[in-house]
Amino acid sequence: MIDKLIQTFATVLKVDPASLTDESSPENTPSWDSLRAVQLVTAIEETFSVELATTDILRMRSLGIARDVLRRKGISL
Amino acid sequence: MLKAFEEMVREAREAVTPLAARTIWSASSPQLEQHSGGLVRVALCGTFTTQPLEPYLGMELLCHEMAASIHHAPYNQIHSELLSPTSTLRSDPVPEVVVVLWRMEELLSEALALLTTDPESAREAAKRELNEFLQALKIFLDASDVSVIVCNPMRPDVRPLGLLDAVLDQGIAALHADVLTHWRRALAAEPRIHLLDLDGAQRDFGARPAANPKMWLLAKIPWSEPFSQQVGKQIARIIKALKTPARKVLVMDCDNVLWGGVVGEDGALGVELGEDAPGNAYLQLQRYALALRERGILLALVSKNDEADVWQVFDKNPRMILKREHIAAAQINWMAKSVNLRQIAKDLNLGSESFVLIDDSAAECAEVCANAPEVLTIHLVGDPAHSVRLIEESCAFDQLTLTREDTQRAEMYAQERRREALRTGVKTMEEYLAGLGLVVRIARLSEEDVSRVTQLGNKTNQFNTTTPRRSEAEVRGLWQDPAWHLFTLSVTDRFGDYGLTGIAYCVDRQEAWEIDTLLLSCRVLGRGVETALLAVLLEQARVRGKERICGRYIPTAKNTLAAPYFPSHGFVEREGFFVRSTSAPLSMPSHITLDLDHLNKS
């Protein structure tokens, strides 16, 4: 199911949303470089109106972890 | 799916939020690379990460109907990018505009380290670091034909002295203020560099919302997304001013713009004007209009009224700040404003694409937008207290240089009206010309002239034989080329100084001189100046041993005035050129005095 988080990742990483899973990471997604990693943070913060702590950002190495970070902030998708 | 350029422009104008701007840019920018209408290549070079600026700069340029390709120089390598002949700024595809961004924290680190213990040495170190930076910029400019935009620094956010920081020499605020002044003066002396006022942008936006401490630590991104958007817009504003001719005329509606109320109903003394509210809002606008006039913007009136009523206010209302003599042209009648604007364009001999209209009526603004879309229309909506800000926010009169011609423009138009008065008073053209006392000064182009001749060259359309458009950098290149001979022409008469009104660029072609560029301002036509210029060029070619002088006429939609120029002076058409032998001189008109004192200096 393509939720708002997957859509956000798809827009920033310029990939088909259907290709993204919770296991998507810089290791298996070629367009997820350091520049895009920064853009992902900004996009998530603006789309979900949250502020991500530096520690969260540094450990957000997969889409699944991003989902978990948002859940801990009370945003369930 | 390929989008039409017009659609991308429309989307750009609707994408207001940072998120929308980034999303649309991400989709549009790859398609822009294929844009057939020409790309503006911009390179961003900074002491910090510049990538966040790209979508906002790109989208704002799209709003101005420019397709941009934006490149980022390697992170924090501004000196090597400027100095190395193989840097990305000098490699293909070469950028047209280079934007260099810096902060005090990176560039003036030595000065900041010394500041608390030795504020004087800190300032010496800052001057050294800034001069080194300026030298690198100059070396880069000498080696490339690009436009360079450099920022001034923002005040650093972290100031350990706290309350004392704004007072003591050891304070960061004081050092920042001194750096701003030093940098402004250094750049004012370097016309090839355009200043991006980051300091002002940060002040307008607010330092706290502009900063992004978390992203700085993570990725060396100093700014929040909304502030990056502002900076991108400011950079686009400068690029637009680089590539679009400045507007020159403010056309003003009268009722509820220059005064409160309607003069046809309230009478010349009954309109709202005074030092108290609400009348003082209109005086504020009048003062602003006068200030614009002082920097070279002409003032005109377009109003749906009986003409006499409007002039009554100017003549009889003691509160008026604007006077008749400040108005360069007026069309006060009951016709459509778009028609009147075109008439004012004829009267002033300026294109209506250089006009800005201010009007409180949405209907009038819509009429002009529809029928004269080349005019920039500013609808003065809401409280008149905000009118001046609306005009400023339009950035309509942005210019990158201010020349003597600019500051004297309004006065020169007034002089011309006085000449007209003489002409209607005399009987023959000969009498008129003799009475003018014309002095034509033809001189070698000097370095100080480059800015003015570039402006003149790019805005003169009618008496222009070949209509080449050149940037300041290109003109400077010709000036340095020994095969090229560049001349300026200025005219005075007994009514005043017409200023710089002509240019002629000739190039050596073995036994001939080719007049590559020749143009004259319409102000000085019909007085024999055209003949005087050719006579001098002919003689100049002859003394250099050239047998012939030749020129071309390239017709455009606007320059039919120049079509008979060469033929009427004895030039014969041959293989696409008009050619004349230099051995038979052209006779000078008798009513013109030549000033050639600066003809052979360089």
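This report describes a predicted model with two chains, A and B, going from each chain in turn to the contact between them.

## Chain A

Chain A is built from four helices and has zero strands, so that its pattern, read along the sequence, is simply α-α-α-α. Its C-alpha trace spans about 30 × 25 × 20 Å along the principal axes. A compact globule of 77 residues would be expected to have a radius of gyration near 11 Å, and because chain A has 11 Å, the value agrees with that expectation.

The predictor's confidence in this chain can be stated in the same careful way: the mean pLDDT of chain A is 93, and 99% of its residues reach 70 or more. Confidence is lowest in H2(A), where the mean is 93, and highest in helix H4 of chain A, residues 63-72, where it is 95.

## Chain B as a whole

Chain B contains 23 helices and 18 strands. Its radius of gyration is 27 Å, close to the 25 Å that the globule rule gives for 602 residues, and chain B is therefore as compact as a globular protein of that length. Taken along the principal axes, the C-alpha atoms of chain B fill a box of roughly 80 × 70 × 60 Å.

The domain assignment divides chain B into domain 1, covering 5-243, domain 2, covering 249-393, and domain 3, covering 425-595. Between domain 1 of chain B and domain 2 of chain B, the C-alpha centres lie 38 Å apart.

## The eight-stranded sheet of chain B

Chain B holds an open sheet of eight strands with mixed pairing, in which the order is S16-S17-S15-S14-S13-S12-S11-S18. Its edge strands are S16 (572-574) and S18 (592-595) of chain B, each of which pairs on one side only, and from one strand to the next the twist averages 30 degrees.

Within this sheet, several neighbouring pairs can be followed residue by residue. S12(B) and S13(B) pair in the antiparallel sense over 10 bridges, with His485(B) standing opposite Cys506(B) in S13(B), and a hairpin joins S12(B) to S13(B) through two residues. S13(B) in turn pairs with S14(B), again in the antiparallel sense, over eight bridges, and here the bridge partner of Val507(B) is Glu514(B) in S14(B). The hairpin of S13(B) and S14(B) has two residues between the strands, and in it Gln510(B) takes a positive phi near 55 degrees.

The pairing of S14(B) with S15(B) is parallel: four bridges join S14, residues 512-520, to S15, residues 548-551, both of chain B. In this pair, Ala512(B) has Arg548(B) in S15(B) as its bridge partner. Helix H21 of chain B, residues 450-459, lies across S12 (484-493), S13 (496-509) and S14 of chain B, and runs at about 85 degrees to S13(B).

## Where the chains touch

Which helices of chain A supply at least two residues each of the side that touches chain B? In total, nine residues of chain A are in contact with 11 residues of chain B, and the helices in question are H2 (34-48) and H3 (54-59) of chain A. H2(A) gives the most to this side of chain A, with five residues.

By class, the side of chain A that touches chain B has three nonpolar, four polar and two charged residues.

How values were computed. Residues numbered from 1 in each chain as written. Chains lettered and ligands numbered in written order. Predicted model: local features only at pLDDT ≥ 70, side-chain atom pairs only at ≥ 80, totals over all residues. Contact = placed C-beta atoms within 7 Å. Nonpolar A, V, L, I, M, F, W, Y, C, P; charged D, E, K, R; others polar. Pairing = 2+ DSSP bridges. Axes fitted to C-alpha atoms, helices over the stretch in contact; angles between N-to-C directions. Domains from an automatic or database assignment. pLDDT = per-residue confidence, 0-100. Rg over C-alpha atoms; globule rule 2.2 N^0.38 Å.
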